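Q: I should like to learn how to read a protein model. Could we go through this one together, feature by feature?

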Amino acid sequence: VADARSGARAPGVAFLACGTGGVRVVDLADPRAPERGATVPSPDARSIARFGDLLLVADAVAGLRIFDLGDPAVPRPLAEIAVEGARAVAAGGSRAVVVGTRGVSVVDLGDPAHPVLLATFAGDAAAAALTPDGYVVAATRTDIAVFDPDGLPSRPIDSLAMPGARAMGLDGETAYAVGTRGLDCFRVRVLGRPVLVARAAV
């Protein structure tokens, strides 16, 4: 699929964020012969994440867009909230984190039809995620920074030096980040403090 930048799955279907091509649905009823399904218009879909019965789209023009997956084959627009230059999205608990040009924004999805912007942490982040305890973990140019979205939004609780962090994934309390030194594996535990577990050159 041309210009596919990010993907997510639901039973029997996949969703692709395709920039100005919007969000494309792929029918996976037969995984050996996927078929192109509906296209959901979106000005500049950069990243996508499935969150239960919701599809979250980080759109560089429209911000965070929220779709209802009552019928996964045809995602229904539910709400959107302005996040300037949105380019990455992740979710956990009842919140989403969106990386944009002004930093990392935390959005409350308790009522998905009426999302609420809770805080924005300034910084040039490449990716962000939410830990099971609700901390925001952000990969920046210089480090992995941990924020408390319910505390002071201007400064991190702690950080772990990691030059050139540009991608990150989270599995429970264990995070994996790729930077100029390779792949770092670390845990975010007591009081949101990151602890390096292992490093591998890649």
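Q: How many helices and strands does the chain have?
A: In this predicted model, the secondary structure amounts to 20 strands and 0 helices.

Q: How far may the coordinates be trusted, and where is confidence lowest and highest?
A: As a general idea, predicted coordinates should not be read in detail where pLDDT is low. Here the mean pLDDT of the chain is 87, with 91% of its residues at 70 or more. Confidence is lowest in strand β20 (residues 194-200), with a mean of 66, and highest in strand β7 (residues 63-68), at 98.

Q: What does the radius of gyration say about the chain?
A: The value is set against that of a compact globule: for 202 residues this would be near 17 Å, and the chain, at 17 Å, agrees with it. The C-alpha trace spans about 45 × 40 × 25 Å along its principal axes.

Q: What share of the residues is buried?
A: A residue counts as buried when its relative accessible area is under 20%. By that cut-off, 47% of the 202 residues are buried. The accessible surface of the chain is about 9,600 Å², and carbon and sulfur atoms account for 53% of that surface.

Q: Is Val136 buried or exposed?
A: Val136 has a relative accessible area of 0%, and is therefore buried. This residue belongs to strand β14 (residues 136-140).

Q: Which residues does Val136 touch?
A: Leaving aside residues up to four places away in sequence, its contacts include Val97, Val104, Val106, Phe121 and Phe147.

Conventions. Residues numbered from 1 in each chain as written. Predicted model: local features only at pLDDT ≥ 70, side-chain atom pairs only at ≥ 80, totals over all residues. Heavy atoms only, no water. Helix = DSSP H or I, 4+ residues; strand = E, 2+ residues; numbered from the N terminus. Rg over C-alpha atoms; globule rule 2.2 N^0.38 Å. Buried < 20%, exposed > 50% of the residue type's maximum accessible area, 1.4 Å probe, protein only. Areas by Shrake-Rupley, 256 points an atom, 1.4 Å probe, with all protein chains shown as cover. pLDDT = per-residue confidence, 0-100. Contact = heavy atoms within 4.5 Å.
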